[in-house]
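Please open the model in your viewer and follow the selections below in order. Each stop names what to select and then describes what is found there.

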Amino acid sequence: MTERALRLGTRRSKLAMAQSGQVAQAVRQLTGRAVELVEITTYGDTSREHLAQIGGTGVFVTALRDALLRGDVDFCVHSLKDLPTTQPDDLTIAAVPRREDARDVLVARDGMTFDRLNDGARIGTGSPRRMAQLNAYARAHHLRIETVPIRGNIDTRIGYVRSGELDAVVLAAAGLHRIGRIEEATDFLSVDFVLPAPGQGALAIECTAQNAELAAVLAELDDPYTRVAVTAERSLLAALEAGCSAPVGALADLLADGQVVTEMRLRGVVGTTDGSTLVQLSTTGPVPTSHGDAIALGRELASEMLAKGAAGLMGERAL
C-alpha cells in the first residue's frame, strides 16, 4: 500500500508557491512520498490595508496554522519574518532551512543604483523598517528621496516602476531569487546601511507538536547556523516588544576565521520612519550553542537599544 501524499499548506502568492514548491521537492527526496501543495488564503493576502495598519503580526500565518491544527494539512511553509515571535505550544518549527540572501534590493528605472537616483526620487516600500533606514541614509548623504507606502505582490510592486509611477521599489533579494527574477534588481543594498527584517531570507517549516514522526523527518532540512542566527534576531524583536511591522532591522552573521566559524555578530536598528532618529547597535560573541544562548544574545542587545532610547521610536508598542 502506498502512503498517502503529505499535504503542505502554503499561501497562494507566486512567491509563497515557489518557496513551498522548493520545500516540497526537498521533502519528496527525503521521504520518497508524494507532497501536494494545499493553497490557503490568509487575511494578509485579501486585506487592502497597509501592513502597519492591520498589525502585521501573524496576518499571513494564522490561516495556515488553523489549517494545521484542524488536520487539513500536515505541515506549512512560512516566510520566517512573517511569524509572530511567540511560538504556540501545540505547533513546532521543525526546520529552518539554509537562509537565502538576507539583503534588500532596489529595482529602479533605467538600471539606476541608489546613489544615482534623481533628486526627490520616489521609492516604494510597505516597510517602516526600510523607510527609516533609507531616509536616514539619504539624510546622511544629502540626498532627497520620498518613500511611498505600497502593498502588493512582487509583480505589482515592480509594475509601479515599469509604469513610471515610482522611480524605484525596495524588495527582499530572497524573494526575487526564489521566483527566478533576481536579475531585475538594479542595486543590492548593503546591510551596512539597510539592515534586513529579523529572519528575512529564511523559511520556517512548521507542523503540529504531537506529530513527532513528521517533525523528525522535516528536521533533516534544518540548518543549525541559520536557526541560531534567526533565533537571535527574533529574540531582539521580541524583547523590543515590536511586531513584524515595526521599524526594526536585525541581522546575525557568522564571523569565520578561514573555514572555521568563530563568532556571531548581531546588529540591530530601530528608527523613526522619516530617518531623523536611529538607534543602531551591535554585539559580537561566541556562536550560540543552544536556543537559550541565541535568545540571550538578542535580549542583551535589545536592552542596550532600549537604554539608548529605542522604545520611543517604535510608535505603537505591542501590549
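Buried here means under 20% relative accessible area. The model on display is a predicted one.

**First stop: strand 3**

Select residues 75-79, which form strand 3; five of its five residues are buried, and the strand is thus mostly covered. Display the side chains next. Phe75, Val77 and Ser79 point one way, while Cys76 and His78 point the other way, and all are buried.

Now add the neighbours of strand 3. Strand 1, residues 6-11, runs parallel to strand 3 and is joined to it by two bridges. Within this pair, Leu8 is positioned opposite Phe75. Strand 10, residues 203-208, pairs with strand 3 in the antiparallel sense, over four bridges. Here Cys76 lies opposite Glu206 of strand 10.

**Second stop: a three-stranded sheet**

Move to strands 11, 12 and 13, which make an open sheet in the order 11-12-13 with antiparallel pairing. Strand 11 (248-257) and strand 13 (278-286) are the edges; each has a single partner strand, so one side of each is left without a neighbour in the sheet. From one strand to the next, the twist averages 15°.

Select strand 12, residues 260-271, together with strand 13: the two pair in the antiparallel sense over nine bridges. To locate the pairing, centre on Gly268, which stands opposite Leu281 in strand 13.

**Third stop: helix 10**

Finally, select residues 291-307, helix 10, which packs on the sheet and touches strand 12 and strand 13. The direction of helix 10 makes about 35° with that of strand 12.

Definitions and conventions: Residues are numbered from 1 along each chain as its sequence is written. This is a predicted model: local features need pLDDT of at least 70, side-chain atom pairs count only at pLDDT 80 or more; totals for chains, interfaces and linings use all residues. Side-chain values use heavy atoms; hydrogens and water are left out. Buried means under 20% relative accessible area, exposed over 50%, partly exposed in between (1.4 Å probe, protein chains only). Two strands pair if DSSP finds at least two bridges between them. Axes are lines fitted to C-alpha atoms, for helices over the stretch in contact, and angles run from 0 to 180 degrees between N-to-C directions. Contact means heavy atoms within 4.5 Å.
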